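The following exercises are to be worked through with the sequence and the structure at hand. Each task is followed by a solution in steps.

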Amino acid sequence: MLAGGLGSRLGGEKALAEIAGRPLVSYPVDAALAAGLETVVVAKPETRLPSLEVTVLREPEEPHHPLCGVLAALDADRGDVLALACDMPFLTPALLEWLSGLGGAVTLETADRLQPLPGRYPAASRDRIAEAIREGEPMGATLAALRARRVKTVDLERFGEPSRLLFNVNEPVDLRYAERILATPA
């Protein structure tokens, strides 16, 4: 679980933002735990987190790159990493279990756009990811270099509505939207 983002559009402290009385980060953490996955939260040293019943790893202060948390997890000898964003409250255990069982690097593609999170990063990709961070390479280029399998929308539909599954909270309006969805009976 990557919780290193600044949350500037949200007003800061994204992992602590509350939805339906719970911290935002708790939703993907709970989905990963329910999927039976070893769950670790990776964050920058200054990132405040709620109390969680999982291991917390602190990635180095510098550099700032979206793959720094993945590299920290790989360097902690966690094996292959299924990286999730802390701001995705609608991920399901079934989807996460399925993604973690796929081989090699995996990314999602919806509406002809790459969605690097959630994404699967094999332990063997560690050196390539470190190089990408050093070079400031965009995630899309790194995923292409890793020959990441692209999971399409049609594959995601068996786990729910893809736009909802991959919805992420970036702004206050997104928090309100997520609250409305959670308040609506399924």
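A disulfide is a pair of cysteine sulfur atoms within 2.5 Å. The model examined here is predicted.

**Exercise 1.** Determine how many disulfides the model contains, and state where Cys68 and Cys86 stand with respect to this rule.

*Solution.*
Step 1. Applying the cut-off of 2.5 Å gives a count of 0 disulfides.
Step 2. For Cys68, the nearest cysteine sulfur belongs to Cys86 and is 15 Å away, and Cys68 is in no disulfide.
Step 3. Likewise, Cys86 is in no disulfide, its nearest cysteine sulfur being that of Cys68, 15 Å away.

**Exercise 2.** Decide whether Cys68 is buried or exposed, and do the same for Cys86.

*Solution.*
Step 1. A residue is buried if its relative accessible area is under 20%.
Step 2. Cys68 has a relative accessibility of 7%, so Cys68 counts as buried.
Step 3. Cys86 has a relative accessibility of 5% and therefore also counts as buried.

**Exercise 3.** Describe the open sheet of 4 strands and identify which strands stand at its edges.

*Solution.*
Step 1. The strand order in this open sheet is β5-β7-β6-β8, and the pairing is mixed.
Step 2. β5 (81-83) and β8 (149-152) each have a single partner strand; they therefore stand at the edges, and one side of each lacks a neighbour in the sheet.
Step 3. On average, neighbouring strands of this sheet are turned by 35° against each other, direction ignored.

**Exercise 4.** Establish how β5 is joined to β7.

*Solution.*
Step 1. β5 and β7 (residues 113-121) run antiparallel and are joined by 3 bridges.
Step 2. Within this pairing, Val81 stands opposite Tyr121 in β7.

Key:
Residues numbered from 1 in each chain as written. Predicted model: local features only at pLDDT ≥ 70, side-chain atom pairs only at ≥ 80, totals over all residues. Heavy atoms only, no water. Pairing = 2+ DSSP bridges. Helix = DSSP H or I, 4+ residues; strand = E, 2+ residues; numbered from the N terminus. Axes fitted to C-alpha atoms, helices over the stretch in contact; angles between N-to-C directions. Buried < 20%, exposed > 50% of the residue type's maximum accessible area, 1.4 Å probe, protein only.
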